[in-house]
Amino acid sequence: MKEERESLAFDVVFAGGGPANLSAAIHLKNLIVRHNALHPAEELEADIAVIDKSRRWGSHLLSGAILDTRALEELMPDYRERGCPLESVANDEGVFFLTEKRKFAFPFLPEPFRNIGYPLISLSRLGAWMAGEAEKAGVQLFDSTAAVGLLVENGAVCGILAGELGLDRQEKPKPGHLPGIELRAKITVFGEGAAGSLAGELQKTFSLQQESEAQHYETGVKEVWQIPEGRIKAGAVRHTFGYPLPADRYGGGWLYAYSSTMLSLGFVTAIERSAPECDPHRNLQLFKQHPFIASILEGGSLVEYGAKAITSGGLNAMGRICGPGFLVTGESAGMLNMQRIKGIHLAMKSGMLAAETIFEALLRNDSSPPTLQGYEERFRKSWAYEELYDARNFRQAFEKGLYNGLLQAGMQFTIPGLSLASGFLKKKESTEERQQEKKKHSALPLTPFRPDGKITFGKEECLYRSGTVHEENQPCHLRISSGDMTEICLERCRKEYDNPCTMFCPAKVYEFTRTPEPALKISASNCLHCKTCALADPYGIITWTPPEGGGGPGYKLS
């Protein structure tokens with residue numbers, strides 16, 4: 001007998017509690033309050049809910065981060081008076097090329113790389129604060145609530161399904177089991193960050209990216225450090241490229257001084273299915289070994305660790321951002337400017353544009369596709385679109401390697417408004433040739449690396465610093481079919497790539513054992529929810545699904 005699901009009805013449901021959807025919920029409430037004050041005879045009421053799978057607001061949010069405050073100033077001009085958590089202000093910056101032992105400073109910084117005057121922030125702290133502001137505005141907040149499925153009726157999204165609680169590993173109910181709840185809405189907004197699971201369902205159901213270029217993703221691995229006084233000044237910003245990556249791999253490092261004793265640092269590594277052996281955690285540890293970074297960290301202590309996927313394809317890789325019954329915001333929509341290494345302000349602006357579209361729909365009592373299409377039109381008339389348009393080919397310029405990308409990027413900076421064609425300066429070669437080249441590269445042995453326990457750490461120690469907690473006895477949320485496990489994981493992938501999931505996962509979720517017989521062990525309770533495995537798997541057989549609500553990392557400073 002099928003268990004009855006509870007159903008809750010709202011006017012608007014926001015799936016995902018990041019800066020995009022929280023900005024949208026706050027802005028929507030502000031628009032309604034303003035309307036009701038000006039037109040008391042036409043009072044508008046709306047039930048608005050934001051759900052998030054984290055156990056504490058902000059605990060799944062991770063970023064560098066340097067905040068362009070443009071959108072925040074539009075949303076809340078008095079954000080400082082409201083207590084917005086800002087760490088320090090960028091006042092000294094540099095970009096460096098690293099070899100294994102040396103650094104070379106860029107003699108000047110192009111405009112997109114300049115950050116002087118912007119505040120340094122912890123995104124997890126900012127998210128927690130924004131959730132508080134949304135609650136003050138009257139938005140209903142549901143934490144520990146995982147969105148696991150779309151509700152679609154008559155060809156339109158009509159809400160989401162929240163995950164069940166209390167299933168065991170065999171997917172059988174435990175004592176206290178609760179079935180999934182249907183959260184129904186006139187309009188549903190999806191802002192799950194990079195590679196969201198429901199955004200993937202939207203793409204399959206509504207073919208959102210049919211006319212766009214392929215999306216690019218990177219893995220960002222981050223640490224927060226406490227260091228001795230006198231090493232660096234509060235507000236210092238450092239970006240690097242080069243070591244430890246080979247010239248054909250996109251990525252780089254950062255170091256931001258929240259204060260004179262607290263640092264945010266990390267490393268970004270491009271995700272390439274055809275060369276999946278790259279280990280983002282290892283890259284960060286090697287980056288920290290460089291004399292430039294090690295001299296700052298020496299004698300300090302690791303406070304927090306985390307990882308997340310980054311959407312980096314830019315405007316050309318963006319698909320449609322609305323459809324029947326739904327809108328898509330923030331990184332789920334591809335709104336991140338890799339040229340500036342910034343996306344929070346774009347996410348917030350996308351949320352505000354979504355809110356204005358929803359407000360119009362509620363006012364007219366019309367949430368039909370033509371009305372929701374106004375979101376796309378607003379975006380194309382906004383400064384967010386202009387910024388993404390100017391940087392539209394930046395990430396693609398690096399597809400053929402670092403030096404080719406720097407040449408193209410340099411020409412764009414030299415000639416304002418120029419955006420080179422994606423094929424410029426590229427050697428023509430077939431996809432098969434490229435795949436073979438990458439497989440050869442994958443077969444190259446990695447240089448030995450052993451963490452020293454002082455500046456560099458293994459994945460187990462880092463995972464402990466992430467605050468990650470999951471209910472152990474629940475279904476594995478990292479799905480690989482039994483057939484794929486036998487035919488691909490234990491045979492093809494083992495021979496062709498030596499099971500790269502054991503390398504590219506920054507949390508040691510995947511472990512290959514050889515005795516008593518070959519097996520791939522999945523420790524799902526280690527998962528940082530970074531989505532790297534689903535994006536880097538060369539065969540595309542790993543499906544990341546949300547675990548039970550409340551599980552995952554517990555970031556406080558990231």
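Okay, first a bit of vocabulary: when I say helix or strand, I mean a DSSP run, at least four residues of H or I for a helix and at least two of E for a strand, numbered from the N terminus. One more thing before we start: this is a predicted model.

With that in hand, let's find histidine 529. You'll see histidine 529 in the loop between strand 22, residues 519-522, and helix 16, residues 532-536. Is histidine 529 buried or exposed? Its relative accessibility is 9%, and buried means under 20%, so histidine 529 counts as buried. What is it in contact with, then, if we leave aside the neighbours within four places in sequence? The list is Lys53, His60, His470, Trp544, Pro547, Gly551, Gly552 and Pro553. And if you go 16 residues along the chain, to threonine 545, the C-alpha atoms of threonine 545 and histidine 529 are separated by 9.4 Å.

Trp544 takes us to another spot. Strand 23, residues 543-544, is part of what covers the buried residues of helix 4. Helix 4 runs over residues 197-206, and its buried residues are Ser197, Leu198, Ala199, Leu202 and Phe206. A handy thing to remember here: an α-helix has 3.6 residues a turn, so residues three or four places apart point the same way. The cover over helix 4 also includes strand 8, strand 9, strand 12 and strand 19. Right after helix 4 comes serine 207, and its phi is positive, near 50 degrees.

Next, two helices that pack together. People describe such a pair by the angle between the axes and the distance between the axes. For helix 1, residues 19-38, and helix 7, residues 344-364, the angle is about 40 degrees and the axes are 7 Å apart. That angle falls outside the ranges for roughly parallel, antiparallel or perpendicular, and the two helices are therefore oblique to each other. The crossing of helix 1 past helix 7 is right-handed. Which residues meet there? From helix 1 they include Ala20, Leu28 and Leu31, and from helix 7 they include Met348, Phe359 and Leu362. Sorted by class, this contact has 15 nonpolar residues, five polar ones and one charged.

Last topic: salt bridges. Side chains of opposite charge can pair when their charged atoms come close. How many salt bridges does the structure hold? There are 28, and I'll show you a few.

Take arginine 114 and glutamate 111, where the closest N and O atoms are 3.0 Å apart. Arginine 114 is partly exposed, at 41% relative accessible area, while glutamate 111 counts as exposed, at 54%.

Now glutamate 272 with arginine 249, at 3.9 Å from N to O. This pair links distant parts of the chain, 23 residues apart: glutamate 272 is in the loop between strand 16 and helix 5, and arginine 249 in the loop between strand 14 and strand 15. Glutamate 272 counts as buried, at 16% relative accessibility, and arginine 249 counts as buried too, at 6%.

My last pair is aspartate 279 with lysine 459, 3.4 Å from N to O. Aspartate 279 sits in the loop between strand 16 and helix 5, and lysine 459 is in helix 13, so this salt bridge ties together parts that are 180 residues apart in sequence. Both residues, aspartate 279 and lysine 459, are buried. Salt bridges can also share partners, and that is how Asp78, Arg82, Glu133 and Lys136 are joined into one network.

Technical notes
Residues numbered from 1 in each chain as written. Predicted model: local features only at pLDDT ≥ 70, side-chain atom pairs only at ≥ 80, totals over all residues. Heavy atoms only, no water. Axes fitted to C-alpha atoms, helices over the stretch in contact; angles between N-to-C directions. Parallel < 35°, antiparallel > 145°, perpendicular 65-115°, else oblique. Left-handed = near helix turned anticlockwise from the far one by under 90°. Contact = heavy atoms within 4.5 Å. Nonpolar A, V, L, I, M, F, W, Y, C, P; charged D, E, K, R; others polar. Salt bridge = Lys/Arg side-chain N within 4 Å of Asp/Glu carboxyl O. Buried < 20%, exposed > 50% of the residue type's maximum accessible area, 1.4 Å probe, protein only.
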